[in-house]
Amino acid sequence: MGDSFVRLLGESLALLDAHVPHAVSAMRRQLGSMAVVIAVDDQVASVSMHRHPPVLRGDRGSAPVDVHLPRTVFDDLLDGRLSTLDALRLDRLWMRGELTDLVAFHGALQSYVHGAVRCPGFPALLRRWRASGEED
Amino acid sequence: MSARAGLAQALARTNALRRGLGAEHAASGRHKEWFHVCLELEEETILCNFSLMERGQRDPAARVALLWRGERWQGDVFGVPLSECTAQAGSLDLGFGENRFWQEGAELCLRVVSPRGDRVLEARLTPLSPPTLPSSIRLGPGAAMHWVVVPRLSARGSVRVNGQVRHFADAIAYHDHNWGDFSWGHGFRWDWGYVCPPDSPWALVVVRVSDGPGHRTLSQGVLVWRDDVQVRTFQDAEIVVAQQGSLRQHIVHQIPPVLRLAAPGSASGVPAETVWRAQGRQDALEIRFRARDHAQVLIPSDDDPSGLTRLNEVYGRYLITGRIAGEPIALDHAGVLEHVRHG
């Protein structure tokens, strides 16, 4: 079985925690005890940052913020072909939640990206993610 | 010594890599070094950049940027694992995977292959004027950047796009080499431009380095060449710079693409127009740059965990008038001006 979204997300959070802990701290401050559900196609992850290390479950559960997008859109975002705002406007990225919770999620996402681009292990994770897409 | 041998020697002395890979230097954790080339072809302007940058770790990151502006900006910046890199201090021969930038006699040579292999640039650049002596700019306590410029080179080579090859010859190119120990971030910003029209003997480089907010100028200069001779350098108090307006561009080509996620919106801090007025010792120049469009190279800031340094590569028009040593100058030519901003 190839690398799933849930597995790679879990590994990415562990990498961030080890190498760029201030990014994980910033995500924790932004999300507090709030859980976030992220679904890429039918791969679902529920993330809670309030514990150390972060808790990641591979099921939907219920959460104040629910994010759903196809893998093609996920890759378009990674490759800069689409901005988050345009993906929302075009109805290709779907988010549910109270406005304040969505703003907190956006802040945590920014912290995650800033941590990722400063973390030495992320290029290898990205290669594994792309390889998993080619296997499908 | 022939002129060509003298040029080769001048290049080898001034333009060599300052810090190579390996253990020959104690890493400061802040050393940055890069080689920048701009090629003016008939159908497009191409920028390429080889860099080695320490980011607080023992080993630097090796990257190659390849940007081109045809009908629109395209291109990418990509990292190369150090296990695939060779770079020795004291000479110029960078091998970053399939990509290479090196000196061969009196020529600078480069080969860049885009990550998907769909674009390959190969060029040999012959300097038409010798490199400058190294200049230094202090960027803050314990931080400085040094640079060498070759303002005009003649380029020949080829661009292969999706298997189709276009050859070029007698194209005009510009080259600079920068190195120093500093952190990307709040401490400074710079504006750096160059123009070398193919049908004119004149070439100019404009440089201004300011503090982070842009309130205080740390250093500024206007360098002027006529043919292969640097005939005038205006410095600091001889120059007044004015910037006005804001370049509005709905879609900005940003690289690396993944950092678009951290740089939403189109605000860039790029002025619509920048004017340098330089005057002294009976020489005077007005250099007006009208920005047309730009691409951004995004670099995670070293001193701000949620900050980005934006290298705005702005394409526009230089309108230059004035008089140097009694000789009038009137130029109207497209060129590139780089605005580095933090945000």
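**Two domains in chain B and a mixed sheet in chain A**

Chain B is divided by the domain assignment into domain 1 (1-182) and domain 2 (184-343); such bounds come from an automatic or database domain assignment. This is a predicted model, in which local features need pLDDT of at least 70 and side-chain atom pairs count only at pLDDT 80 or more, while totals for chains, interfaces and linings use all residues. Residues are numbered from 1 along each chain as its sequence is written, and chains are lettered from A and ligands numbered from 1 in the order in which they are written.

For chain B the average pLDDT (the predictor's confidence in each residue, from 0 to 100) is 90, and 97% of the residues score at least 70. For the complex, the predictor gives an ipTM of 0.82 and a pTM of 0.89.

The C-alpha centres of domain 1 and domain 2 of chain B are 20 Å apart. Their contact involves 27 residues of domain 1 of chain B and 23 residues of domain 2 of chain B; two residues are in contact if their C-beta atoms, placed from the backbone, lie within 7 Å. On the domain 1 side, at least two residues each come from β2 (45-53), β3 (61-69), β4 (73-80), β10 (135-140), β11 (143-161) and β12 (164-181) of chain B. Helices (H or I, at least four residues) and strands (E, at least two) are DSSP runs, numbered from the N terminus. The largest share of this side, five residues, belongs to β4(B). By class, the side of domain 1 of chain B that touches domain 2 of chain B holds 15 nonpolar, seven polar and five charged residues. Here Ala, Val, Leu, Ile, Met, Phe, Trp, Tyr, Cys and Pro count as nonpolar, Asp, Glu, Lys and Arg as charged, and the others, Gly among them, as polar.

Next comes chain A. Its five strands form an open sheet with mixed pairing, in the order β3-β2-β1-β4-β5; two strands pair if DSSP finds at least two bridges between them. At the edges are β3 (55-57) and β5 (94-96) of chain A, each pairing on one side only. Within chain A, β1 (residues 35-40) and β2 (residues 43-48) run antiparallel and are joined by six bridges. A:V37 stands opposite A:S46 in β2(A).

The contact between the chains takes 16 residues from chain A and 12 residues from chain B. On the chain A side, α2 (21-31), α3 (71-78), α4 (84-89) and α5 (99-116) give two or more residues each. Of these elements, α5(A) gives the most, with four residues. The side of chain A that touches chain B divides into seven nonpolar, seven polar and two charged residues.
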